[in-house]
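The following exercises concern burial, strand pairing and pocket lining. Each task is followed by a worked solution.

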Amino acid sequence: MAGPSSHSSPGSRATFAAADASRDLAVISSKAQNFTNPVAGPEVWFCPVLSSVCRTSGAVRMSKAHSGLSSEATEKARLELNENPDTLHHDIQQVRDMIVTRPDIGFLRTDDDFILRFLRARKFNQSESFRLLSQYFLFRQQHLHIFHSFKVDDPGIKRALMDGFPGVLETPDQHGRKILLLFASNWDQNRHSFMDILRAILLSLEVLIENPELQVNGFILIIDWSNFSFKQASKLTPNVLRLAIEGLQDSFPARFGGIHFVNQPWYIQAMYTIIKPFLKDKTRKRIYLHGNNLTSLQQLIGVECLPSEFGGSLPPYDVGLWARTLLGPDYSDESEYTLTYDALHVINRSQSVVEPGTLKSADRETSTPLLALD
């Protein structure tokens with residue numbers, strides 16, 4: 001179905017995108033059930049794609065990645081990403097031909113659809129696209145522990161998903177970007193580690209990036225640090241943060257249009273100063289520290305795209321929404337937590353920990369000086 005024209009209003013674009021998102025939910029859920037990590041010996045250490053399209057041969061031809069784009073996304077890809085339908089096959093083959101230069105890496109998927117997402121992530125710069133493709137597989141090759149049992153029903157990943165790591169809004173922002181949410185204080189360190197959260201985020205991105213529209217439009221990440229304690233923050237060591245940066249910034253074909261910190265305490269700002277040297281200049285320019293200032297957030301992301309926790313017009317975010325989408329009939333809510341969670345925890349899992357309106361729309365930033373974490 002053709003998308004809205006390039007002259008449509010932001011509101012109509014959001015309506016079209018929301019309809020597309022709802023239409024795709026069932027497809028995502030059914031595919032996610034088959035997202036597995038088959039191991040058939042030391043050579044096959046990780047299968048990075050949905051099982052329905054998992055092939056190690058380049059024989060799988062291009063399909064919905066091209067024809068599936070709306071007219072608006074097609075034009076956006078042309079203008080912003082330098083995508084040219086007339087040279088698409090050539091561009092993809094040029095990247096594929098570079099694979100022989102890295103015999104140290106196991107390229108487990110090289111079909112057209114797969115390579116195309118790396119070209120889009122690097123605006124069709126072939127050498128940069130190949131560098132990203134190489135790093136994608138090298139990261140998985142060097143960190144096997146992250147991708148062992150890399151599937152939605154892995155206990156650690158499942159618990160992280162059910163606690164809202166990550167949250168995924170059905171409605172995209174006004175530019176068609178998928179909005180991911182992290183309510184940091186939901187992290188119960190007795191239930192899952194930071195590694196479980198990172199694995200759940202990476203797996204969610206693998207599912208979402210199958211959508212060619214998101215390869216073009218990209219993602220937005222909002223992290224709400226309300227009620228995130230210093231004790232919780234102490235688990236965010238430089239080593240695990242560097243690993244997360246490597247996995248998300250350097251090794252995944254996603255376009256992040258903005259990373260927004262909301263209501264961050266002083267020690268999170270201090271943490272940011274520690275990791276800042278590991279961030280690319282482009283990434284640093286897309287990180288926004290809003291503090292308690294919801295107005296500045298709403299200037300960048302329309303209120304019609306935000307849940308009420310952030311002063312938006314959408315209902316409060318249901319933390320279990322994305323987990324139910326991925327897990328489908330395997331989603332189990334209260335029964336899994338009867339012995340370990342009291343009634344308050346059970347209630348809070350179905351909603352964000354920040355009540356609507358508790359963040360202030362004040363035009364100010366946190367003024368506490370940055371201090372080094374222990």
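**Exercise 1.** Determine how many of the ten residues of H13 are buried, and identify what the buried residues pack against.

*Solution.* Helices (H or I, at least four residues) and strands (E, at least two) are DSSP runs, numbered from the N terminus. Buried means under 20% relative accessible area with a 1.4 Å probe, protein chains only. The model is predicted, so local features need pLDDT of at least 70 and side-chain atom pairs count only at pLDDT 80 or more, while totals for chains, interfaces and linings use all residues. Residues are numbered from 1 along each chain as its sequence is written, and side-chain values use heavy atoms, with hydrogens and water left out.

Step 1. The buried residues of H13 are Tyr267, Ile268, Gln269, Ala270, Met271, Tyr272 and Ile275.
Step 2. Because seven of its ten residues are buried, H13 is largely enclosed by the rest of the structure.
Step 3. Those buried residues pack against helix H11 (230-233), H12, S4, H14 and strand S5 (287-291), where contact means heavy atoms within 4.5 Å.

**Exercise 2.** Trace the strand pairings from S1 to S5, stating which run parallel and which antiparallel.

*Solution.* Two strands pair if DSSP finds at least two bridges between them.

Step 1. Strand S1 (residues 167-168) runs antiparallel to S2, joined by two bridges; Val168 stands opposite Leu180 in S2.
Step 2. S2 and S3 run parallel with six bridges, and Leu182 stands opposite Ile223 in S3.
Step 3. S3 and S4 are likewise parallel, with six bridges; here Asp224 faces Val262 in S4.
Step 4. S4 is joined to S5 by four bridges, in parallel, and Val262 stands opposite Gly291 in S5.
Step 5. As for burial, six of the seven residues of S4 are buried, as are six of six in S2. In S2, Lys178, Leu180 and Leu182 point one way, and Ile179, Leu181 and Phe183 the other way.

**Exercise 3.** Characterise the lining of the second largest pocket by nearest residues, contributing elements and class.

*Solution.* A pocket is an open set of points on a 1 Å grid over the protein atoms alone, where a 1.4 Å probe fits, with protein on both sides within 12 Å along at least five of seven lines; lining residues have an atom within 4 Å of a point.

Step 1. Of its 43 lining residues, Leu221, Leu248, Phe256, Ile259 and Thr283 lie nearest the centre.
Step 2. Elements supplying at least two lining residues include helix H3 (71-81), helix H9 (194-208) and H13; H12 gives the largest share, five residues.
Step 3. The lining has 29 nonpolar, five polar and nine charged residues.

Methods
Ala, Val, Leu, Ile, Met, Phe, Trp, Tyr, Cys and Pro count as nonpolar, Asp, Glu, Lys and Arg as charged, and the others, Gly among them, as polar. Buried means under 20% relative accessible area, exposed over 50%, partly exposed in between (1.4 Å probe, protein chains only).
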